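Work through the following exercises with the sequence and the model side by side, and try each task before reading its solution.

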Amino acid sequence: YLDTTYEDLYTVSGRMEEECDGIFSALRQNGGEKLKITFCTDPDYIMKTEQIRVTYILAKKLEKMYPDSVEVVTVNAALNPTALSEYKVTSFTEMNAYNIIVSYGGRYRITHASRFWVDTGVSYYRGEYVLATLIKSVTMVEEPSAYFITGHGEDYYDINNPECEMSLELYEFYNLLLTRGLNVKTLNLSEISEIPEDCVLLMLNDPKTDFTYDADKIGSISYVSDIEKIDRYLITNQGAVMVAKDYRIKLP
């Protein structure tokens with residue numbers, strides 16, 4: 001929620017401050033470097049653009065509140081694109097004035113200013129929630145992992161058999177994940193009770209068969225279906241799910 005009265009327009013809420021106190025206190029104890037929030041355009045353009053301005057001022061507030069832990073920088077992506085080369089996934093990745101990058105150590109997340117807003121007919125701001133989620137995703141997991149889901153005929157990089165055809169086809173993608181600081185693992189949902197806490201990216205790559213559930217156990221308090229495990233992961237973890245599926249295969 002955003003208080004739009006003039007005197008409180010850019011205040012940091014108590015909940016956000018409480019969240020940041022915990023995050024940055026842990027970073028200081030570990031002797032970590034600063035969290036960097038990069039805006040990909042000049043301050044004068046930001047201040048004229050409502051969609052970016054509110055988040056920029058929120059970031060500057062955090063920088064003032066936590067000077068030892070937060071650094072806010074601006075880089076003109078159009079005039080100085082090479083300054084952002086460390087954040088480009090490939091040489092074709094383009095940055096624009098509306099991109100915002102949250103980085104810590106070798107980890108980073110690139111987002112768009114529009115993500116800080118929700119438009120349901122009436123536009124409202126949810127910047128604190130989004131920014132807190134981004135900050136957590138780059139600072140709170142010591143060794144983040146990307147998991148390929150298996151068990152439904154998916155394609156995945158098999159660490160135990162890197163020479164197989166399937167692994168060779170995914171070799172470049174596997175290396176891309178490694179260069180982003182992610183461990184790469186496989187995961188069979190039917191063999192676990194919940195998705196591991198170190199998972200920041202869950203990949204369901206070209207499944208051939210559908211997720212199923214045990215009809216005899218539905219209604220049992222202790223039974224959790226594979227789909228529900230993913231639902232719980234999305235609700236409670238600061239991660240993401242990537243799905244790639246053959247459109248010709250129908251999986252209800």
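A residue is called buried under 20% relative accessible area, exposed over 50%, and partly exposed in between, with a 1.4 Å probe and protein chains only. The model is a predicted one, in which local features need pLDDT of at least 70 and side-chain atom pairs count only at pLDDT 80 or more, while totals for chains, interfaces and linings use all residues. Residues are numbered from 1 along each chain as its sequence is written, and side-chain values use heavy atoms, with hydrogens and water left out.

**Exercise 1.** Classify C40 as buried or exposed, and find its contacts.

Step one is to place the residue: C40 sits in the loop that runs between β1 (35–39) and α2 (43–48), where helices (H or I, at least four residues) and strands (E, at least two) are DSSP runs numbered from the N terminus. Step two is the class: C40 has 1% relative accessibility and therefore counts as buried. Step three is the list of contacts, meaning heavy atoms within 4.5 Å: with neighbours within four places in sequence left aside, C40 touches V75, N76, A77, L84, N96, A97, N99 and I101.

**Exercise 2.** Carry out the same steps for I110, and state its class.

I110 belongs to strand β4 (residues 107–112), and because its relative accessibility is 35%, I110 counts as partly exposed. Leaving aside neighbours within four places in sequence, I110 is in contact with Y87, M95, N99, I100 and I101. As for I100, which is ten residues away along the chain, its C-alpha atom and that of I110 are separated by 5.9 Å.

**Exercise 3.** Describe the sheet that contains β7, and then explain how α7 is placed on it.

Begin with the strand order: four strands make an open sheet, β8-β7-β9-β10, with parallel pairing, two strands being paired if DSSP finds at least two bridges between them. The edge strands, each pairing on one side only, are β8 (183–188) and β10. Between β7 and β8 the parallel pairing extends over six bridges, and Y147 stands opposite K185 in β8. Next, α7 packs on this sheet, touching β7, β9 and β10, and its direction makes about 145 degrees with that of β9; axes are lines fitted to C-alpha atoms, for helices over the stretch in contact, and angles run from 0 to 180 degrees between N-to-C directions.

Finally, turn to the helix itself: in α7 (residues 226–236), D226, K229, I230 and Y233 are buried. Seen down the axis of α7, these buried residues fall within an arc of 100 degrees, so they line one face of the helix, the arc being that of the directions from the helix axis to the C-beta atoms. On the other side of α7, I235 and T236 are exposed.
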